[in-house]
Amino acid sequence: MFNYLRKRFASHITERSRRKARLVSKDGRCNIEFGNVEQSRFVFLIDIWTTILDLRWRYKMTIFISAFLGSWFLFGLLWYVVAYIHKDLPEFNPSINHTPCVENINGLTSAFLFSLETQVTIGYGFRCVTEQCVTAIFLLIFQSILGVIINSFMCGAILAKISRSKNRAKTITFSRNAVISKRGGKLCLLIRVANLRKSLLIGSHIYGKLLKTTITPEGETIILDQVNIEFIVDAGNENLFFISPLTIYHIIDKNSPFFHMAAETILQQDFELVVFLDGTVEATSATCQVRTSYIPEEVLWGYRFAPIVSKTKEGKYRVDFQNFSKTVAVEMPHCAFCLYNEKEAKAKEKKGYDNPGFVLAEASEASDTKM
């Protein structure tokens with residue numbers, strides 16, 4: 001009993017470590033870490049626009065709030081300094097005929113409020129710049145220009161992040177598992193993909209990469225070696241009419257990396273199948289890429305997908321997403337080699353073959369009959 005539990009625990013730990021080792025998660029995020037990068041992180045500040053767009057929302061909103069509050073407070077200090085140098089503050093007891101640079105600035109708080117009103121162009125009319133100080137006029141112009149730049153950059157970054165095609169990719173979904181079954185008399189690996197929006201992806205293209213560890217004839221070990229996997233759609237691989245769920249399939253022939261796998265050995269393999277869908281968003285004309293991956297435990301041998309599209313009595317087509325990832329067991333050979341051997345055997349049964357070594361010997365009749 002103890003040995004059984006120990007084996008079960010070891011197999012569970014092994015399976016869990018294998019699942020954690022996948023490069024691409026089911027939702028398309030890449031699990032990779034860069035270490036010992038010699039290039040300075042200053043290069044990320046050179047391309048500040050892409051860096052801001054790649055930040056998470058909590059960091060982006062922190063930068064957004066800090067940029068505005070920081071600029072308001074900084075210019076508030078500068079307005080306070082202008083009023084202090086010109087002796088406009090009440091602590092200097094200005095005369096009745098004294099004309100201040102900025103009216104109604106009585107301290108740091110009022111200077112901050114004036115900075116806020118100036119940069120966001122509120123214009124309450126209570127505090128205003130006079131023509132007494134050239135420095136105040138130049139400071140007003142500089143703050144107005146800088147405020148427009150900050151508004152344009154930060155609001156543009158938020159708008160660009162909201163409208164990124166990465167968000168459109170979340171409405172494209174793949175089946176939870178891939179299945180291996182016969183399609184058109186051939187052994188195929190099938191995956192189902194669906195568009196959850198009624199708007200189309202223009203110029204869609206589907207392809208795959210098989211990631212595995214290989215050892216070259218020279219003895220070099222290549223981790224994450226990539227092998228191209230061609231997927232076929234009955235309607236064609238280019239310009240898919242992606243209004244209803246599609247079933248894409250890869251033919252497992254002698255050139256396929258899945259040809260030497262079998263139902264008994266596929267779970268012992270170490271690979272990761274990454275599937276890509278590229279297209280252009282119809283509404284924004286921005287390119288979009290959707291990714292997902294399948295490990296051996298998510299590839300079901302001898303199954304097919306349940307039907308998902310039906311036609312109602314009113315003549316409408318209905319897609320039942322409850323059966324989107326549902327699979328049904330089917331009879332199928334346990335390996336691709338067996339399937340093609342079975343086909344060749346059946347083909348040979350229908351044909352006749354000549355045997356060059358066969359000689360027909362005619363029996364000669366005896367001329368003498370012994371009584």
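Residues 136–160 are 100% helix and 0% strand, and the C-alpha atoms at the two ends of this stretch lie 36 Å apart. Please keep in mind as you read that this is a predicted model. The stretch is one of two that the UniProt record, an unreviewed entry, annotates as "transmembrane region", the other being residues 63–85. Here are the two side by side.

| Annotated stretch | Helix | Strand | Distance between end C-alpha atoms |
|---|---|---|---|
| Residues 63–85 | 100% | 0% | 32 Å |
| Residues 136–160 | 100% | 0% | 36 Å |

**The helix pair**

Now for two helices and how they pack. Helix H4 spans residues 57–85 and helix H6 spans residues 134–162; their axes are 11 Å apart and meet at an angle of about 175 degrees. Because angles over 145 degrees count as roughly antiparallel, H4 is roughly antiparallel to H6. Sorted by class, the residues in the contact of H4 with H6 are 21 nonpolar, four polar and two charged.

**The open sheet**

Let us turn to the strands. An open sheet is built from four strands, arranged in the order E5-E4-E7-E8 with antiparallel pairing. Its edges are strand E5 (221–229) and strand E8 (287–294), each of which pairs on one side only. On average, neighbouring strands in this sheet are turned by 25 degrees against each other, with direction ignored.

If you zoom in on one edge, you will find strand E7 (residues 271–281) running antiparallel to E8, with eight bridges joining the two. Within this part of the sheet, Leu 273 stands opposite Tyr 294 of E8. E7 and E8 form a hairpin with five residues between the strands, and in this hairpin Ser 285 takes a positive phi near 60 degrees.

**A buried loop residue**

One more spot is worth a visit. Asn 323 sits in the loop that runs between strand E12 (317–319) and strand E13 (327–329). Is Asn 323 buried or exposed? Its relative accessibility is 18%, so Asn 323 counts as buried, the cut-off for buried being under 20%. Which residues is Asn 323 in contact with, leaving aside its neighbours within four places in sequence? They are Arg 192, Ala 306 and Pro 307.

How values were computed:
Residues are numbered from 1 along each chain as its sequence is written. This is a predicted model: local features need pLDDT of at least 70, side-chain atom pairs count only at pLDDT 80 or more; totals for chains, interfaces and linings use all residues. Side-chain values use heavy atoms; hydrogens and water are left out. Axes are lines fitted to C-alpha atoms, for helices over the stretch in contact, and angles run from 0 to 180 degrees between N-to-C directions. Angles under 35 degrees count as roughly parallel, over 145 as roughly antiparallel, 65 to 115 as roughly perpendicular and the rest as oblique. Ala, Val, Leu, Ile, Met, Phe, Trp, Tyr, Cys and Pro count as nonpolar, Asp, Glu, Lys and Arg as charged, and the others, Gly among them, as polar. Two strands pair if DSSP finds at least two bridges between them. Buried means under 20% relative accessible area, exposed over 50%, partly exposed in between (1.4 Å probe, protein chains only). Contact means heavy atoms within 4.5 Å. UniProt positions are given in the numbering used here, feature names are shortened, and annotations may be inferred rather than shown by experiment.
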